[in-house]
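Visitor: I am new to this structure and would like a close look at a single part. Please start with one residue, and then lead me on to its surroundings.

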Amino acid sequence: MSSAGTPLTRTRREPPAFRRVAVRAVAPVTPRLVRVTLGGPELDGLVVEQPAASVRLLLPSRGSTDLVMPAWTGNEFLLPDASRPAIRTLTPLRLDPERQELDVEIVVHEGGTASGWALAAREGDEAALSGPGRGYPIDPDAALFLLAGDESALPAIGQLLEALPAEKPVRVIIEVAHPDARLELPTRPAGAAPPAVEWGDLPAGAAAGDALVAAVIEAAAELPAGARVWAAGEAAAVQRIRRHLLDERGLPRSETWIRGYWKHGRAGDADEAD
């Protein structure tokens, strides 16, 4: 409260401005993952310096193909009618400055705004991008890297496998809701040992993240000193991972990088970071 008794309004740092883009191509990666290539002259100057960074994807409102740009209120983006726009946070993948193109990948699931848009997208459809947000600062002195996530983290995990130091061992744990989501992960740098990859299927009726949390807890008991943990997925699940690693195992916060990519039962993004 202010001294006058009026509530204080929290002001957040304004995100980077949206850049208008258009769909240039849509291709399935798996039955549950779609790659969308976005392009346009407003991508000129976009630089993504770290792996597993983020961009905000602005979509037309449900039921419309017209893209309306929102305004920043000091706390959130709102459309002219004061409604919230359809914004999803994704991992920026292949960036081609010469062609002014950027690839993103979207998980397909029933009722999802972004997945519905991706499945229906056609060349020329409008969207907009804001970013990039911070990525993963790789520690070259780490003893080992543990990467853990659900299907929403697959694009970021693939990017990290290509970027992590070749001489460091890597262990990967991925939870999928259906075996169709499994894919061939990118290869590591030349001379690197292949990662130890563990795919876990989410049991029918289990809460999203249950299999991931159990596998990470088991893996954490075997982590060597100096290991680094990167984990992303459903927000409540990664909060459980965070509590286990920080509170129960006593890992320094500097050795973990844990992000909530989405929230079960919520249409928007989790947009949370450790």
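## From a buried charge to a buried strand

Guide: Let's begin with Glu 105, which counts as buried because its relative accessibility is 11%, and the cut-off for buried is under 20%. Please keep in mind as we go that this is a predicted model.

Glu 105 has a partner: a salt bridge joins this residue to Arg 35, with their closest N and O atoms 2.6 Å apart. Glu 105 belongs to strand 8 and Arg 35 to strand 2, so the pair ties together parts that are 70 residues apart in sequence. Arg 35, at 32% relative accessibility, counts as partly exposed.

The strands that hold this pair also meet a helix. Helix 1 spans residues 113–120, and its buried residues are Thr 113, Ala 114, Ser 115, Trp 117 and Ala 118. The cover over these buried residues includes strand 2 (33–39) and strand 8 (101–107), along with strand 1 (19–30) and strand 9 (126–133), among others.

Strand 1 and strand 9 bring us to another charged pair. Glu 126 and Arg 20 meet through their side chains in a salt bridge, at 3.9 Å from N to O. Here, too, distant parts of the chain are linked, since Glu 126 sits in strand 9 and Arg 20 in strand 1, 106 residues apart. Glu 126 is partly exposed, with a relative accessible area of 35%, and Arg 20 is partly exposed as well, at 34%.

Some charged residues join up in a wider arrangement. Arg 24, Arg 94, Asp 96, Arg 99, Glu 101 and Asp 103 are linked in a network of salt bridges. For the whole structure, a search finds 15 salt bridges.

One of the charged pairs lies further along the chain: the side chains of Asp 201 and Arg 182 form a salt bridge, 3.1 Å from N to O. This pair links distant parts of the chain, 19 residues apart, with Asp 201 in strand 12 and Arg 182 in the loop between strand 11 and strand 12. Asp 201 has a relative accessible area of 37% and is partly exposed; Arg 182 is partly exposed too, at 36%.

So what about a buried charge that has no salt bridge? Asp 150 is such a residue: the nearest side chain of opposite charge, Arg 32, is 9.3 Å away, whereas a salt bridge needs a nitrogen and an oxygen within 4 Å. You can find Asp 150 in the loop between strand 10 (145–149) and helix 2 (154–163). A polar atom of the Asp 150 side chain lies 3.1 Å from the backbone nitrogen of Glu 234. Leaving aside residues up to four places away in sequence, Asp 150 touches Ile 174, Glu 175, Leu 212, Ala 232, Gly 233, Glu 234 and Trp 262.

Just before that loop comes strand 10, where 5 of the 5 residues are buried, so the strand is largely enclosed by the rest of the structure. Its two faces are covered: Phe 145, Leu 147 and Gly 149 are buried on one side, and Leu 146 and Ala 148 on the other. Strand 10 runs parallel to strand 11, joined by 5 bridges, and in strand 11 the bridge partner of Leu 146 is Arg 171. On the way from strand 10 to strand 11 the chain passes through helix 2, in a β-α-β crossover that is right-handed. Strand 10 also pairs with strand 13 in the parallel sense, over 5 bridges, and there Leu 147 stands opposite Trp 230.

Two helices complete the view. In helix 2 you will find Leu 161, which is buried with a relative accessible area of 0%. Among the residues that Leu 161 touches are Leu 147, Val 170, Val 172, Leu 185 and Pro 195. Helix 3 (residues 210–220) has Leu 212, Val 213, Ala 215, Val 216, Ala 219 and Ala 220 as its buried residues. These pack against strand 10, strand 11 (170–176), strand 12 (196–201), strand 13 (228–234) and helix 4 (235–248). Leu 212 of helix 3 is also one of the residues that Asp 150 touches.

Methods
Residues are numbered from 1 along each chain as its sequence is written. This is a predicted model: local features need pLDDT of at least 70, side-chain atom pairs count only at pLDDT 80 or more; totals for chains, interfaces and linings use all residues. Side-chain values use heavy atoms; hydrogens and water are left out. Helices (H or I, at least four residues) and strands (E, at least two) are DSSP runs, numbered from the N terminus. Buried means under 20% relative accessible area, exposed over 50%, partly exposed in between (1.4 Å probe, protein chains only). Lys and Arg count as positive and Asp and Glu as negative; His and the chain ends are not counted. A polar contact is a pair of N or O atoms within 3.5 Å; within protein, one must be able to donate a hydrogen and the other to accept it, and residues adjacent in sequence count only if both atoms are side-chain atoms. Contact means heavy atoms within 4.5 Å. Two strands pair if DSSP finds at least two bridges between them. A crossover is right-handed if, with the strands pointing away from the viewer, the path from the first strand over the helix to the second runs clockwise.
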